[in-house]
Every structure is written in structure tokens, then in C-alpha cells.
Amino acid sequence: MDDSLLNTINGPEDLRKLEKNSLPRLAQEIRERIISVVSRNGGHLASNLGAVELSMALHLVFESPKDKLIWDVGHQCYTHKLLTGRNKSFDGIRKKDGISGFPKNSESRHDIVETGHASTSISEALGVLTGQEVAGADGAVVAVIGDGAMTGGMAFEALNHAGHLKKQLIVVLNDNTMSISKNVGALTVSGKWLLSSYLSRLFASKRYQRLREKFDQGIKGLPLIGMKLFDLSVRIRKGFKAVLYKESIFSDLGFEYVGPIDGHSITKLKEVFEEVKKIGRPTVVHVVTQKGRGYEHAEGNPTLFHGIAPFTVEDGKLTERASYSFTAAFSDSILRNAESDKRITAITAAMSKGTGLHAFQERFPDRFFDVGIAEEHAVAFAAGQARSGCRPVVAIYSTFMQRTVDQVIHDIALPGLPVVIAMDRAGLVGDDGETHQGIYDIALFKAVPNMTILAPGCRQEMAAAMDYAFRLNSPCMLRYPKGSALGWEDLADPWETGRGKLISEGPSNTLLISPGSLLKEARSATAGLREEGIYCDIYNLRFIKPLDEDYLAELLDSYSNVICIEDAARIGGIGETLASIVQQRQLNCGFAYYGLPDTFYAQGTREELLAEFGLDAAGIIGHIRKSEESELALYSYNRKQKAEGA
Ligand SMILES: Cc1ncc(C[n+]2csc(CCOP(=O)(O)OP(=O)(O)O)c2C)c(N)n1
Ligand SMILES: CC(=O)[C@@H](O)[C@H](O)COP(=O)(O)O
Ligand SMILES: [Mg+2]
């Protein structure tokens with residue numbers, strides 16, 4: 001017989017029916033379920049294990065969805081999903097056609113906000129709260145934000161606004177002293193929040209404890225009034241702490257501050273949330289949790305288990321060995337250049353491991369800067385360093401670069417500063433889904449004057465692209481995908497401005513134009529066709545911008561059929577640029593381009609998504625074969641004109 005408690009929970013109301021003494025058992029079952037599923041599917045393990053009791057206590061006290069729980073980033077929402085009717089579908093989390101690894105409103109009415117990017121929760125929550133008032137609705141609104149996400153500027157903008165409005169907004173600060181790596185910033189001391197660490201260190205210090213004991217013994221021993229004085233001193237001490245707390249940054253911003261609270265005690269959390277619900281002012285509840293709680297491998301290495309690929313539960317080892325990635329190729333290239341060029345600095349927005357900059361951090365700690373989850377600041381900060389004569393490299397995932405469009409234009413491109421921006425995870429990223437696809441960077445940055453955009457397609461090209469970027473004395477971006485970077489010696493030549501690399505297959509009438517992120521698929525497609533005696537040359541674009549248009553026009557015109565592929569938004573993509581060249585120069589080739597249609601892309605493996613949109617090798621073969629009559633061919637201007645006898 002199944003005596004699982006978790007299986008009896010179909011919604012938060014079932015949780016609220018449980019006896020108090022069953023709650024620790026449920027917490028244990030939730031942990032086991034999360035570990036088991038993440039070990040198969042991959043996912044954000046450490047953050048979720050740390051938030052089990054917190055999520056349970058929130059659902060015990062607040063009545064979701066009338067009361068609104070808004071999770072920052074949302075990567076810690078697995079317990080919330082399990083408690084809100086998604087235990088059965090949890091097996092398919094982060095899988096194609098399964099449930100998302102992040103909150104998603106279309107998936108559940110308990111997911112108030114779709115998230116994936118950090119530091120938005122307080123703004124969203126304040127908007128929901130004030131919007132409810134305007135609409136005449138009610139319900140408590142709670143933002144749950146980690147200490148890492150709290151380093152983002154938006155979080156402070158929202159706190160400032162909320163403090164000013166004095167509305168009953170509840171902000172739960174989930175402090176585990178970790179972002180993905182150790183949290184950074186002036187608000188933290190040795191990775192701990194100043195408030196909690198300073199005060200807990202003060203009150204926990206041996207000197208303070210000794211003094212207190214002596215003082216307590218002394219006054220307790222006083223005849224008649226001793227015990228009364230002792231009680232009074234306890235009250236004064238509490239008041240003293242409260243005064244100090246009130247001087248915290250949160251109090252200055254107009255918030256009540258409650259904490260720090262043990263984030264693994266459901267009883268304490270519940271008591272506090274019940275009280276906080278009654279406070280009619282903006283309140284920060286500071287909860288201290290442990291990242292990876294309850295699984296020794298994640299507790300021991302929370303950075304590795306932040307977002308983990310499938311692993312074996314018993315020993316915490318990855319199921320598959322990771323291949324040499326574009327990230328590794330970037331990491332090696334920046335290190336090699338930084339050995340000889342002391343002006344090179346490296347900047348990350350809390351992603352040293354994901355971007356491969358941890359190697360640089362170890363080798364050149366004085367030239368490495370982790371700015372916290374603050375991409376806009378990272379980019380403007382790089383501009384400042386370039387003004388001081390440095391050659392900064394900012395490494396940020398393509399999806400998070402979306403935040404920095406203005407800093408790129410205003411702080412870097414306008415003055416033409418030599419900053420290198422390394423955009424990892426460009427193109428379809430896979431398991432994280434809609435919020436993390438790196439498919440807008442070309443459209444967002446192609447129009448920026450002074451900007452060079454490079455697209456390396458293998459490890460040799462990464463090295464050449466980085467060398468080129470450092471030779472340039474102007475702004476430069478590199479975009480490269482998640483996944484393995486193959487080694488191709490035929491692509492090891494130095495890069496020439498605006499020109500790609502023609503990979504000739506033989507007597508071919510068809511040219512396939514590919515950015516680096518799809519070169520693997522392009523080469524595998526043409527190799528497949530070659531076996532059938534069909535030849536198709538590849539033009540490996542290398543430059544998204546600038547393009548040597550004269551060279552390109554001559555090349556395109558020497559083929560009767562040209563096909564362009566890109567794993568980026570078709571609107572504003574490379575295909576559009578090439579189509580305009582074909583049109584304006586009245587080239588004689590037929591031209592078709594294939595990119596990503598105008599929609600959002602849910603999770604699935606990168607390979608599954610590429611296949612779905614005709615951008616894997618099989619899909620590309622299909623495009624080449626059917627290039628003339630393809631339904632997706634948006635532009636075939638001259639071909640059509642010719643057919644019409646114009
Ligand atoms: C704008 C943005 N930048 C970077 C990230 C990548 N990222 C996801 S979670 C995370 C760390 C968050 O730390 P914290 O809020 O403390 O949550 P924890 O994982 O510790 O629970 C980072 C940097 C992101 N999601 N959004
Ligand atoms: C939640 C978040 O934004 C990151 O943890 C992200 O999922 C990392 O992605 P990678 O696993 O590709 O580094
Ligand atoms: Mg944290």
C-alpha cells in the first residue's frame with residue numbers, strides 16, 4: 001500500500017489538513033522526490049533542496065492562489081510545484097512537452113508570474129499588489145527572493161518604491177549566502193548578509209557571551225530586585241537588537257525587518273508568517289537556509305549542484321562526461337591572451353562557472369571582477385575600465401544580455417570603447433525553456449553602430465575570433481552556443497574583417513550560409529548529402545556584422561541557389577540582412593532563409609528543438625533538397641522575377 005504523504009497532496013489545502021507532526025516527514029518525501037527526478041532530468045537541485053521548508057510554511061500560512069507567491073528567478077519553485085497539484089507531472093520537469101523548470105502561469109494558476117531572470121520579483125509583487133487595489137481585489141502578496149537575486153539593481157529600485165508606497169508587501173529574503181557561486185557585494189560579509197552576520201557574530205561572540213553571563217549573574221544575585229532587573233535587562237537587550245536591525249538598509253527603505261529566522265524550522269517560519277500577515281506595512285522576512293540541504297553532495301558542492309546534469313544519486317557523479325564546450329574554448333582563449341596582455345580584465349555577473357571565467361579568476365584574481373547579478377552594471381563597469389586603458393571582457397549569457405541593450409549602445413558603442421562581450425548560450429539553449437533561449441541577440445545588437453559581432457563555429461574559430469577581438473580597437477561581441485565545440489583544423493586560419501570561410505564540397509550550385517552556432521549541423525548535413533553524390537558548399541559566416549558586402553555579393557552570385565540558416569529569431573536576423581543585399585544588388589541567385597518563427601520556445605533538448613524547427617542536419621538536408629519550393633522560403637525575389645519574365 002502506498003503510504004506516501006506527498007501522494008495525498010493535490011493542492012495546498014491538502015497540506016493545510018496535515019497534522020503538524022507529519023510535516024517533517026512530508027519535507028523528507030519532497031526532498032527524496034526532487035533528488036530522484038533531478039538525478040534523471042537534470043535541474044536546479046541545490047536551491048530547491050534549501051527551500052523545502054520555506055515553501056511548505058508559505059503554503060501553510062498563505063492561501064495560494066488568492067494570496068500570491070512570487071518566486072524570484074523561479075529556479076527554487078519545485079516544492080511549490082509539488083504542493084500545487086504537479087506531483088504526477090513532476091517526472092517530466094524540464095523535458096519536452098513536460099512541465100517547465102520555472103513558474104509558468106499557463107501551467108498553473110498558482111504560478112502568478114513567469115520567471116527565469118533574476119531580481120524581478122519585488123517589482124512584479126508590488127505591481128500585483130497595487131493593481132489589486134485598483135481592481136478592488138485582495139489577497140496577500142509575497143515576493144520570495146534569494147540573497148543572490150537581491151544583489152540586482154531592480155530589487156533595490158523596487159524596495160525603494162515599495163517603502164515609499166507603504167503598502168503591505170511581504171518580501172521573504174531567502175539567504176543561503178550563495179548565488180550560483182559564493183555571493184558577492186558590500187552587503188555581504190564573507191558571503192553572509194551584513195545584518196545577520198554582523199549581528200549574529202556580535203551576539204554570538206565569546207566576549208559578548210562572557211560579559212552577558214557575568215552581567216546576568218551579577219544582577220540576579222542582587223537581593224530583592226535581582227530577578228526584576230534581570231527581566232528588564234533581557235527586554236533592553238531585545239530592544240537593542242531591534243534598534244540595530246531597524247537601522248538596516250531595509251528599515252532605511254521603509255520596511256519592517258523580521259529575522260534572521262531558521263529557514264528549516266517549519267514551526268518557526270509558520271509562526272513568523274502568521275504574525276507578518278497582520279503587519280500592515282512593507283516587511284522583509286529574513287530567512288536563513290542552507291543550499292543543498294539534505295543531500296550531502298549538494299551541501300558539499302552547492303555550486304556544482306546549482307544547475308546539474310543527470311547524476312547518480314548514490315555518489316553524486318554526473319551520468320555523462322561533459323564534452324569540450326564553447327565555454328571551455330572561450331575560457332582557454334581569454335587565459336591565453338591574458339598571459340601576454342596585462343590590460344585584459346574579466347567581468348562576470350554572478351556566472352563565473354557558467355561562463356568559464358572561474359579559470360581566469362584563479363589565475364588572475366586581481367583582474368577578475370564578479371559584480372553580482374547586475375548585468376547592466378557589468379557592461380557600464382567594463383566601459384569604465386576600458387576608459388582607464390584596460391581591455392575588459394564581459395562574459396554574459398545571450399539571454400541575460402537582453403538587460404543591457406542600453407548600456408551596450410550608450411556606454412560602449414557610442415564612445416567606441418574596446419570592450420569584448422562574450423555572449424555564451426547564444427541560440428536555443430534547451431532545458432531552461434522560454435526565459436533562457438539566446439535567440440534575440442542578433443536582432444537586438446545588429447543595428448548598433450560601431451559594433452562588431454562574431455560567430456565562431458568550433459574551438460579553432462573561438463581562438464581566432466578572440467584574437468581578432470583583441471586586435472580590434474572597438475566594441476566587439478562574440479556569440480556562441482551551449483554545447484560541444486568540435487575541433488576543425490581547416491578552420492584555424494586568422495579572421496579577415498567582414499569575411500567568412502568558404503567550405504567547398506565540390507561542383508556545387510548551392511551555397512548554405514551558416515553562423516557558427518549551426519556549423520556543426522550544417523557540416524553534418526552537407527556530409528550526408530555528399531554520400532549521395534549531392535554537393536552543397538558552406539559559407540561559414542564568421543561575421544554577423546560587419547559584412548564585406550562586395551565580396552559576399554560576388555560569392556552569392558556565383559551560385560544559383562543560396563540558403564541561409566540561423567538558430568535565432570528570424571525577425572531581425574541574418575537572413576533578413578542577406579535578403580536585403582540580394583535584393584538591393586539584384587543578384588541572380590535564388591535565396592531562402594530559415595530561422596526561428598516569431599514565438600517563444602519552451603523547454604526540450606537543444607537537439608529536439610533544432611529538429612522541430614528544421615535546423616538539425618536532417619532539416620537542413622530537407623531545405624537544401626526542397627530549396628525551390630520550400631514553404632518556409634520567405635524571399636526569392638529575383639528567382640520569382642525571372643519566372644515571371646520580368
Ligand atoms: C538576470 C539574471 N542573471 C543571471 C541569472 C543566473 N542565475 C540564476 S540563479 C542565480 C543565483 C541566484 O542566487 P539566489 O537568488 O541567492 O538563489 P539561490 O540559488 O541561492 O537559491 C543566477 C546568477 C539569472 N537567472 N538572471
Ligand atoms: C536559473 C538560471 O538562470 C541558471 O541557473 C541557468 O539555468 C544556468 O544555465 P546553464 O546550466 O546553461 O549554465
Ligand atoms: Mg542564495
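Is Asn176 buried or exposed? Asn176 counts as buried, since 25 C-beta neighbours lie inside 10 Å and the threshold for that class is 20 or more. The model on the screen is a predicted one, and this tour returns to Asn176 after a view of the whole chain.

**The domains**

Begin by colouring the chain by its domain assignment, which gives domain 1 (6-300), domain 2 (326-490) and domain 3 (497-643). Next, display the contact between domain 1 and domain 2: 20 residues of the former are in contact with 17 residues of the latter. On the domain 1 side, the touching residues comprise five nonpolar, 14 polar and one charged.

**Ligand 1**

Select ligand 1 and show what surrounds it. The shell holds 23 residues, and the closest are Ser47, Ala118, Gly146, Gly148 and Ala149. By class, this shell consists of 10 nonpolar, 10 polar and three charged residues. Where does ligand 1 lie with respect to domain 1 and domain 2? Both domains give residues to the shell, so ligand 1 lies between them.

**Ligand 2**

Move to ligand 2. Around it are His44, Val73, His75, His306, Gly307, Gly354, Arg425, Asp432 and Lys482. These divide into one nonpolar, five polar and three charged residues. Domain 1 and domain 2 each supply at least three residues to the shell around ligand 2.

**Annotated positions**

Now select the residues that an unreviewed UniProt entry lists under "binding site": His75, Gly116, His117, Ala118, Gly148, Ala149, Asn176, Tyr295 and Glu375. They span 301 residues in sequence and their farthest two C-alpha atoms are 31.6 Å apart, so they do not all gather at one spot.

Within this selection, centre the view on Ala149, which is in the loop between β2 (141-146) and α7 (153-165). Ala149 is buried, because 30 other C-beta atoms lie within 10 Å of its own. Beyond its neighbours within four places in sequence, Ala149 is in contact with Asp72, Val73, Ala118, Ser119, Ala155 and Ile373.

Return to Asn176, in the loop between β3 (169-175) and β4 (188-189). Apart from residues up to four places away in sequence, Asn176 touches Gly50, Asp147, Thr289, Gln290 and Lys291. UniProt, again in an unreviewed entry, also lists Asp147 and Asn176 for "binding site". Although these two are spread over 30 residues of sequence, they cluster in space, with a largest C-alpha distance of 6.9 Å. Asp147 is found in the loop between β2 and α7, and is buried with 25 other C-beta atoms within 10 Å.

**Strand β3**

Select β3 itself. Why may β3 be described as largely enclosed by the rest of the structure? Seven of its seven residues are buried, so the description applies. In a regular strand, side chains alternate between the two faces of the sheet. In β3, Leu169, Val171, Leu173 and Asp175 point one way, while Ile170, Val172 and Asn174 point the other way. Add β2 to the selection: six bridges join β2 to β3, and the two strands run parallel. One place to look is Val141, whose bridge partner in β3 is Leu169.

**A partly exposed helix residue**

Go next to helix α12 (residues 266-276), where Glu275 is found. Glu275 is partly exposed, with 13 other C-beta atoms within 10 Å. Add Val61, which is 214 residues away along the chain; the C-alpha atoms of Glu275 and Val61 are separated by 10.0 Å.

**Backbone details**

The last stops concern the backbone. Most residues other than glycine have a negative phi, and most peptide bonds are trans.

- Select Ser64 and Pro65: the peptide bond between them is cis, with omega near 10°. Pro65 lies in the loop between α4 (52-61) and β1 (68-71).
- Select Lys545 and Pro546: a cis peptide bond joins them, with omega about -5°. Pro546 is in the loop between β17 (543-545) and α22 (549-557).
- Select Arg94: its phi is positive, near 70°. Arg94 lies in the loop between α5 (78-83) and α6 (121-135) and counts as buried, with 22 C-beta neighbours inside 10 Å.
- Select Ala350: its phi is also positive, near 65°. Ala350 lies in the loop between β8 (344-348) and α15 (358-363) and is buried, with 28 other C-beta atoms within 10 Å.

Note on methods. Residues are numbered from 1 along each chain as its sequence is written. Chains are lettered from A and ligands numbered from 1 in the order in which they are written. This is a predicted model: local features need pLDDT of at least 70, side-chain atom pairs count only at pLDDT 80 or more; totals for chains, interfaces and linings use all residues. A residue is near a molecule or strand if its C-beta atom, placed from the backbone, lies within 6 Å of it. Ala, Val, Leu, Ile, Met, Phe, Trp, Tyr, Cys and Pro count as nonpolar, Asp, Glu, Lys and Arg as charged, and the others, Gly among them, as polar. Domain bounds come from an automatic or database domain assignment. Two residues are in contact if their C-beta atoms, placed from the backbone, lie within 7 Å. UniProt positions are given in the numbering used here, feature names are shortened, and annotations may be inferred rather than shown by experiment. Helices (H or I, at least four residues) and strands (E, at least two) are DSSP runs, numbered from the N terminus. A residue is buried if 20 or more other C-beta atoms lie within 10 Å of its own, exposed if 12 or fewer, and partly exposed in between; C-beta atoms are placed from the backbone. Two strands pair if DSSP finds at least two bridges between them.
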